[in-house]
Amino acid sequence: MRDLGSCLGEYAVQVSCSNYSSSSCVSPAPELPPSVQNSVTCLYRTVLPSSQKRIFITLTWCKSSTSSGLCIALNDDAAAAVKLSTGSRFFRKGKGAKTIDFHGVNVELAWDLTTARYGSGPEPIDGFFILMTVDSEPILFHGDNKKTKLSAPVGRFSLISQHEHFSGHALYSTRARFSDAGNCHNILIRCGVESDTAKSPVLSVSIDKKPVIQVKRLQWNFRGNQTIFVDGLLVDLLWDVHDWFNNSGPGCGRFLFRTRTGLDSRLWLEEKFLHKDEDDKLEFSLMIFAHSCNNSISA
């Protein structure tokens, strides 16, 4: 009997870093400007060295027309949260350190954004790092390690979830790594009509310029899912754009990329991360919240 992964392989789309034909690339219409990324939230699971207690650390990067900032929280504890904004002296200096008292444990936080390079979103592309340690042992590292003494990120912590909010036209571009050891992939989501004569909107998703799905008559197929393979992993791609077509004003579409084992058939369940046993294999999910104007989707 074949395993579930091989069975799904008959219907799944394979995405890898191998060469692909340029003729198969998904190219957005030149008249459609990309959406604006307003916030990025990264959820890490880590382990405290002394007690071996598991905690969750959230990093939220946000950006508006007037300001930008970063919020760091441990287990959603308001008392153990650090907020850095463009108006704070910590953010203006670009680097600094702070001690956080987390239920009697001193957590040392250090950051360096002095050479951070930004794209259109609130999170830097490279040239920065955020480091958290307990008793001189790293419990979180986010960024690139060119400016630290760490030879490589430590495996005590793992990125398990990433949420991104976009606004504007229905063209969404981001990057994601589906496993700690995997490559970083470019993801492009486009929603719109295929030509001036077409009236029905089409959803297209590509990874590293390789098409993975195309959904026609999107106003009728506003919810669905497709299994794809990325770096040898099963990844569920799910979409729900019901609000785009059933609200009088701007609506929010949702796109979920979630890795899973071959025996796991549950979808849309991120809450299970909080209940997994320590020896369980961690999975990763990327959720994109797409706030789009109706006139950027329909003809």
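Four strands form an open sheet in this predicted model, and their order is 13-14-15-16, with antiparallel pairing. At the edges of the sheet stand strand 13, covering 171–177, and strand 16, covering 210–215; each has a single partner strand, so one side of each is left without a neighbour in the sheet. From one strand to the next, the twist averages 15 degrees.

Within this arrangement, strand 14, made up of residues 184–192, runs antiparallel to strand 15, made up of residues 202–207, and the two are joined by 6 bridges. One position in this pairing can be followed directly in the structure, since Ile 187 stands opposite Ile 207 in strand 15.

Beyond strand 16, the chain backbone deserves attention at two loop residues. Most residues other than glycine have a negative phi. Arg 217, which is not glycine, nevertheless has a positive phi, near 50 degrees, and its place is in the loop between strand 16 and strand 17, the latter spanning 223–230. Arg 217 has a relative accessible area of 52%, and it therefore counts as exposed, the cut-off being over 50%.

The second such residue is Asp 231, whose phi is near 55 degrees, again a positive value in a residue other than glycine. Asp 231 is found in the loop between strand 17 and strand 18, where strand 18 covers 233–240. How far is Asp 231 open to its surroundings, in terms of relative accessibility? The value for Asp 231 is 27%, and because the partly exposed class lies between the limits of 20% and 50%, this residue counts as partly exposed.

Technical notes. Residues are numbered from 1 along each chain as its sequence is written. This is a predicted model: local features need pLDDT of at least 70, side-chain atom pairs count only at pLDDT 80 or more; totals for chains, interfaces and linings use all residues. Side-chain values use heavy atoms; hydrogens and water are left out. Two strands pair if DSSP finds at least two bridges between them. Axes are lines fitted to C-alpha atoms, for helices over the stretch in contact, and angles run from 0 to 180 degrees between N-to-C directions. Buried means under 20% relative accessible area, exposed over 50%, partly exposed in between (1.4 Å probe, protein chains only).
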